[in-house]
Amino acid sequence: MNEAAIRVYGADWCRDCRRTKKQLTELAVPFEYVDVEHDPAATERAREISGRTNIPVVVYPDGSHHVEPDDARVEAKLRELSLI
């Protein structure tokens, strides 16, 4: 993951995952999407990061993360990191 990248662990069937992807796309914030449905190692990695099985898990460049964040929390974090 590059310095400015955000990584989103999610699945296509997950409404919150689709919403977070849409928000990041609309804000023109680069991110890497990791589909946990097709990558068992990614499923385990998301669980290690969050301590839970809930998705999406959004990992920020500063190493912090959110699990199932709403749009307001994502936007606040992006502003804190000066990404928007």
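These legends describe close-up views of a predicted model.

**View 1. The largest nonpolar core of the model.**
This core has 13 residues. Four of them touch the most other members: Tyr9, Val36, Ile55 and Val57. Two elements give two or more residues each, namely α2 (40–50) and β3 (57–59). The top contributor is α2, with 3 residues. A second core lies separate from this one and holds 8 residues. Val8, Val58, Tyr60 and Val74 are among them.

**View 2. The surroundings of valine 57.**
What does valine 57 touch, leaving aside residues up to four places away in sequence? Its partners are Arg7, Val8, Tyr9, Ala46, Ile49, Ser50, His66 and Val67. Find Tyr9 in that list, then look back at the largest core. Tyr9 and Val57 are both among the residues there that touch the most other members.

**View 3. Valine 36 in its loop.**
Valine 36 sits in the loop between β2 and α2. Is valine 36 buried or exposed? Its relative accessible area is 10%, so valine 36 counts as buried. Residues under 20% fall in the buried class. Now look for tyrosine 9. Along the chain, valine 36 and tyrosine 9 are 27 residues apart. Their C-alpha atoms are separated by 6.3 Å. Valine 36 touches Tyr9, and also Gly10, Ala11, Ala42, Thr43, Ala46 and Ile55. That list leaves out residues up to four places away in sequence.

**View 4. The two sides of α2.**
The buried residues of this helix are Ala42, Ala46, Ile49 and Ser50. They span an arc of only 80° around the axis, so they lie on the same side of α2. A general rule helps here. An α-helix has 3.6 residues a turn, so residues three or four places apart point the same way. The face turned away from the buried side carries exposed residues: Pro40, Ala41 and Glu48. What do the buried residues of α2 pack against? They meet four strands, β1, β2, β3 and β4.

**View 5. The cis peptide bond before proline 56.**
Look at the link between isoleucine 55 and proline 56. This peptide bond is cis, with omega about 0°. Proline 56 belongs to the loop between α2 and β3. Isoleucine 55 has appeared already, as one of the residues that touch the most other members of the largest core.

**View 6. Proline 69, a buried loop residue.**
Proline 69 is in the loop between β4 and α3. Its relative accessibility is 0%, so proline 69 counts as buried. Which residues does proline 69 touch, not counting those up to four places away in sequence? They are Arg19, Thr20, Pro56, Val58 and Val74. Aspartate 16 is 53 residues from proline 69 along the chain. The C-alpha atoms of this pair are separated by 8.1 Å.

**View 7. The two sides of α3.**
Val74, Lys77 and Leu78 are the buried residues of α3. Their arc around the axis is only 100°, which puts them on the same side of α3. The cover over these buried residues includes β1 (6–10), α1 and β4. Exposed Ala72 and Glu80 are carried on the face turned away from the buried side. Serine 82 follows α3 and has a positive phi, near 60°.

**View 8. The packing of α1 and α3.**
Two packed helices are described by the angle between their axes and the distance between the axes. For α1 and α3, the angle is about 40° and the axes are 10 Å apart. That makes α1 oblique to α3. Their crossing is right-handed. From α1, the contact uses Arg19, Gln23 and Leu24. From α3, it uses Asp71, Val74, Glu75 and Leu78.

**View 9. Positive phi in two loops.**
Alanine 28 is not a glycine, yet its phi is positive, about 60°. Alanine 28 lies in the loop between α1 (15–26) and β2 (31–35). At 65% relative accessibility, alanine 28 counts as exposed. Glutamate 68 also has a positive phi, near 50°. Glutamate 68 is found in the loop between β4 (65–67) and α3 (71–80). How exposed is glutamate 68? With 33% relative accessibility, glutamate 68 counts as partly exposed.

How values were computed:
Residues are numbered from 1 along each chain as its sequence is written. This is a predicted model: local features need pLDDT of at least 70, side-chain atom pairs count only at pLDDT 80 or more; totals for chains, interfaces and linings use all residues. Side-chain values use heavy atoms; hydrogens and water are left out. A nonpolar core is a set of buried Ala, Val, Leu, Ile, Met, Phe, Trp, Tyr and Cys residues joined through side-chain atoms within 4.5 Å. Buried means under 20% relative accessible area, exposed over 50%, partly exposed in between (1.4 Å probe, protein chains only). Contact means heavy atoms within 4.5 Å. The arc is that of the directions from the helix axis to the C-beta atoms. Axes are lines fitted to C-alpha atoms, for helices over the stretch in contact, and angles run from 0 to 180 degrees between N-to-C directions. Angles under 35 degrees count as roughly parallel, over 145 as roughly antiparallel, 65 to 115 as roughly perpendicular and the rest as oblique. A crossing is left-handed if the near helix is turned anticlockwise from the far one by less than a right angle, and right-handed if clockwise.
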